[in-house]
Amino acid sequence: MEDSAMGWCVRRCCIVACVAALGLAMASGAQAAGVLAIVASGRSLSAADLLHVPGVKRADLSGPALGLGRDVAVVPLAALLDPGAGLSFRAADAFVAGIDAAAFASARRTGAEPWIAIETTPWPRRRNGDDRGPFALVWLGPGAAGVPRERWVDSLVAIAPLDGPALPVAQTARTQAGRAAFAADCAPCHRLLGAGDGALGPDLGQPMNATRYLTFEGFRSIVRDPRAVRAWPGQRMEGFSPAALPDAQLAAIWAYLGSLSPPAGRGRMPAPQHSPDR
Ligand code: HEC
């Protein structure tokens with residue numbers, strides 16, 4: 001739909017303008033090229049540094065997850081740092097993918113390994129025109145196509161040890177399933193009662209828990225297709241199809257969120273809505 005001739009032209013012109021601007025910046029030596037911060041080791045690496053890392057090769061990343069191109073320079077993540085207990089991958093727009101040791105291990109079992117892609121020729125832009133370079137977390141190997149979209153990170157700016165406060169605990173099997181689904185699918189953008197690193201979307205637990213002001217139907221509509229509920233140009237959340245997030249998991253997320261909401265006061269004055277740490 002967005003591939004109208006007009007949309008194509010606008011995106012195409014963005015790329016042309018970007019290349020022109022980059023050329024200008026390089027000619028004047030004004031703007032340092034983007035760097036990737038490896039927080040664990042205190043290093044900041046430029047594209048040129050990364051292209052000298054042992055193991056660099058070219059890969060076909062034209063697949064559906066990011067669609068960066070058929071011939072993209074990549075370096076193995078393992079050559080840069082040890083994932084340890086887990087890593088968080090932060091994008092320029094505050095999207096954060098937290099990938100713990102278990103998630104790395106389950107990807108490895110399917111034959112998918114993490115790599116860092118480096119933009120050497122311009123990558124296609126996002127639908128809203130945002131730049132996606134110069135670095136990205138990508139997955140290569142037989143199981144790469146099965147790695148969820150939330151674990152592919154474009155406009156990657158920093159890699160840090162995974163150490164943010166853990167998501168609130170869940171008490172029942174159902175809410176535990178909801179917590180796991182929230183961690184994988186929602187935490188890249190939403191915090192929960194302050195926990196997590198995602199900051200692209202609102203905290204869904206405070207000041208008011210989302211289950212207090214949404215109905216389940218409304219919640220499901222937002223998760224399946226946010227544009228069916230409200231639409232505006234700056235909108236960033238993408239819908240989750242039933243294939244990406246089955247109904248049972250969606251309902252489990254709702255149950256988990258609801259379990260964190262203080263019960264509505266029965267005849268009592270509701271407690272003031274202060275977050276516990278302020
Ligand atoms: C790519 C980032 C991203 C992901 C992943 C994401 N969201 Fe969102 N979400 C947003 C943003 C940003 C908004 C604010 C509206 C907008 O810009 O789309 C939002 C809004 C919402 C809202 C409406 C909140 C309000 O008060 O209006 C709900 C509910 C929601 N998201 C639930 C979820 C759930 C549940 C998941 C996981 C299944 C999820 N989101 C995954 C970015 C994301």
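**Ligand shell and helix packing**

In this predicted model, a polar side-chain atom of His190 sits 2.7 Å from a nitrogen atom of the ligand. Two further residues approach ligand oxygen through their side chains. For Tyr213, an N or O atom of the side chain is 2.4 Å from an oxygen atom of the ligand. For Arg230, the corresponding distance to an oxygen atom of the ligand is 2.8 Å.

The ligand is surrounded by 22 residues. Those that come nearest are Cys186, Cys189, His190, Tyr213 and Met237. By class, the shell holds 16 nonpolar, 3 polar and 3 charged residues. Two helices, α4 (173–186) and α6 (216–224), each supply at least two residues of this shell. The most comes from α6, which gives 3 residues.

Helix α4 also packs against helix α7 (residues 247–259). Their axes are 7 Å apart and meet at an angle of about 105°. Angles of 65 to 115 degrees count as roughly perpendicular, and α4 and α7 are therefore roughly perpendicular to each other. On the α4 side, the contact is made by Arg174, Thr175, Ala177, Gly178, Arg179, Ala181, Phe182, Asp185 and Cys186. On the α7 side, Gln249, Ala251, Ala252, Ile253, Ala255, Tyr256, Leu257 and Ser259 take part. By class, this contact has 10 nonpolar, 4 polar and 3 charged residues. Cys186 of α4 belongs to the contact with α7 and is also among the residues that come nearest to the ligand.

Conventions
Residues numbered from 1 in each chain as written. Predicted model: local features only at pLDDT ≥ 70, side-chain atom pairs only at ≥ 80, totals over all residues. Heavy atoms only, no water. Near = heavy atom within 4 Å. Polar contact = N/O pair within 3.5 Å; in protein donor to acceptor, adjacent residues only side chain to side chain. Helix = DSSP H or I, 4+ residues; strand = E, 2+ residues; numbered from the N terminus. Nonpolar A, V, L, I, M, F, W, Y, C, P; charged D, E, K, R; others polar. Axes fitted to C-alpha atoms, helices over the stretch in contact; angles between N-to-C directions. Parallel < 35°, antiparallel > 145°, perpendicular 65-115°, else oblique. Contact = heavy atoms within 4.5 Å.
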